[in-house]
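This report follows one strand and its surroundings, and then widens to the sheet, the interface and the confidence of the model. Please keep the sequence and the structure open while reading.

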Amino acid sequence: MESLAERYADKRVDSVMIYTREAHPGELHPHHASFADKLANAREMTRRMGFKRTMLVDNYEGASHRAYGQLPNMTYIVGRRGRIVYRASWTDARSIEWMLEQLSFNELNSRAGRRILPYFMEAELGKVADRKPFLEGLRTYAGMRAIDEYIDAVTQVYGEGTAKPLRKWREQAS
Amino acid sequence: MTRPSRSHLAPRVGCCERIVGAYNYEHFDAEAMRGAEFDNFRHQLSVGDPAPDGVLIDAASTAEIKLSSLWRTRHVVIEFGSMT
């Protein structure tokens, strides 16, 4: 997403990150007890992830996060007239880049005097359900408590069969 | 003496019916994993809708940024996320 932001910055596209609640609070990064906590974590995230994009923080209760749907890793593209032109429940750089190309296409043709007729589409895409990189990320940024809570939640929601490989990873990790 | 209800201190929000008090939860659990927001996402907003505006804080400078000031002249990619 960072390289995408850089590549499209000169095509009249701004890219920002809105920092949310901690989705998997743990001993390394607990839940926010105050707005000051939230701001401090947002700054730390910028530093540790090496973000160059503007990092924005909404209020303690997550007003903007909730207004957009409250998912932990969602992405929107808003057009210059303030209308939503793309929304996805998961951040997927490939489909975002595809959409930014569509916007560039529209702009080039519009500048050439051609009328752009909008049309609507929906799509359901897929991502690889590899939970091991996710667990590695949790170990680095949240801690083992968050991993245990995640595995417990998977067990309750999806059953022991789904949780079993996660427990095996957990045993090897400790 | 009967304790007064505190339900009025937990306003409900949007279509998701999640209480604000639970927003910054301390522990991830099955309820968080099943979160109603996952089902509601398809219906809460749609392509073509006006994007929700709001005033946020720039983490680097602490300046207030109005989202609509960003999309006045440029397209804006808005990614949401956290450390964990």
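## A strand covered on both faces

In this predicted model, E5(B) is covered on both of its faces: His75(B), Val77(B), Glu79(B) and Gly81(B) lie on one side, Val76(B), Ile78(B) and Phe80(B) lie on the other, and all of these residues are buried. Counted over the whole strand, seven of the seven residues of E5(B) are buried. The split into two sets fits a general pattern, for in a regular strand the side chains alternate between the two faces of the sheet.

## The neighbours of E5(B)

Which strands of chain A pair with E5(B) in the parallel and in the antiparallel sense? Strand E1 of chain A, residues 13-19, runs parallel to E5(B) and is joined to it over seven bridges, whereas strand E3 of chain A, residues 75-78, pairs with E5(B) in the antiparallel sense over four bridges. Val76(B) has a bridge partner in each of these strands, being matched with Asp14(A) and also with Val78(A). A further pair across the antiparallel junction is Thr75(A), which stands opposite Glu79(B).

E3(A) is likewise covered on both faces, with Thr75(A) and Ile77(A) buried on one side and Tyr76(A) and Val78(A) buried on the other. Four bridges join E3(A) to E4(A), and these two strands run antiparallel; Ile77(A) stands opposite Tyr86(A) in E4(A), while Val78(A) stands opposite Ile84(A). Five residues separate the strands of this hairpin, in which Gly82(A) adopts a positive phi near 85°.

## The sheet built from both chains

These pairings belong to an open sheet of seven strands with mixed pairing, in the order E4(A)-E3(A)-E5(B)-E1(A)-E2(A)-E3(B)-E4(B). Its edge strands are E4 of chain A, residues 84-88, and E4 of chain B, residues 64-66, each of which pairs on one side only. Averaged over the sheet and with direction ignored, neighbouring strands are turned by 30° against each other.

A second junction between the chains is formed by strand E2 of chain A, residues 54-57, and E3(B), which pair in the antiparallel sense over two bridges; at this junction Val57(A) has Ile57(B) as its bridge partner. Helix H2 of chain A, residues 35-49, lies across E1 and E2 of chain A together with E3 of chain B, and runs at about 165° to E2(A).

## The nonpolar core

The largest nonpolar core has 42 residues, of which Ile18(A), Tyr19(A), Met55(A), Leu56(A) and Val78(A) touch the most other members. Val78(A) is thus a core residue as well as the bridge partner of Val76(B) in E5(B). Leaving aside residues up to four places away in sequence, Met55(A) touches Met17(A), Tyr19(A), Ala42(A), Met45(A) and Thr46(A), and from the other chain Ala59(B) and Ala60(B). As a general tendency, nonpolar side chains in soluble globular proteins are buried together.

## The interface as a whole

Across the interface, 49 residues of chain B are in contact with 72 residues of chain A. On the chain B side, at least two residues each are supplied by helix H1 (30-34), helix H2 (36-44), strand E3 (55-58), helix H3 (67-70) and strand E5 (75-81), and the largest share, seven residues, comes from E5(B). By class, this side of chain B comprises 28 nonpolar, 12 polar and nine charged residues.

## Chain A in outline

Chain A contains seven helices and four strands, which follow the pattern α-β-α-β-α-β-β-α-α-α-α along the sequence. The C-alpha trace of chain A spans about 65 × 40 × 25 Å along its principal axes, and 30% of the 174 residues of the chain count as buried. Among the contacts in chain A with a separation of 6 or more, 51% are between residues 24 or more positions apart.

## Confidence

The model scores ipTM 0.94 and pTM 0.88. For chain B the mean pLDDT is 80, and 75% of its residues reach 70 or more. Over residues 1-21 of chain B, however, the pLDDT is below 50, although this stretch has 24 contacts in the model beyond near neighbours in sequence. Where pLDDT is low, the predicted coordinates should not be read in detail.

Methods: Residues numbered from 1 in each chain as written. Chains lettered and ligands numbered in written order. Contact = placed C-beta atoms within 7 Å. Nonpolar A, V, L, I, M, F, W, Y, C, P; charged D, E, K, R; others polar. Pairing = 2+ DSSP bridges. Buried ≥ 20, exposed ≤ 12 C-beta atoms within 10 Å, placed from the backbone. pLDDT = per-residue confidence, 0-100. Core = buried A, V, L, I, M, F, W, Y, C linked by C-beta atoms within 7 Å. Axes fitted to C-alpha atoms, helices over the stretch in contact; angles between N-to-C directions.
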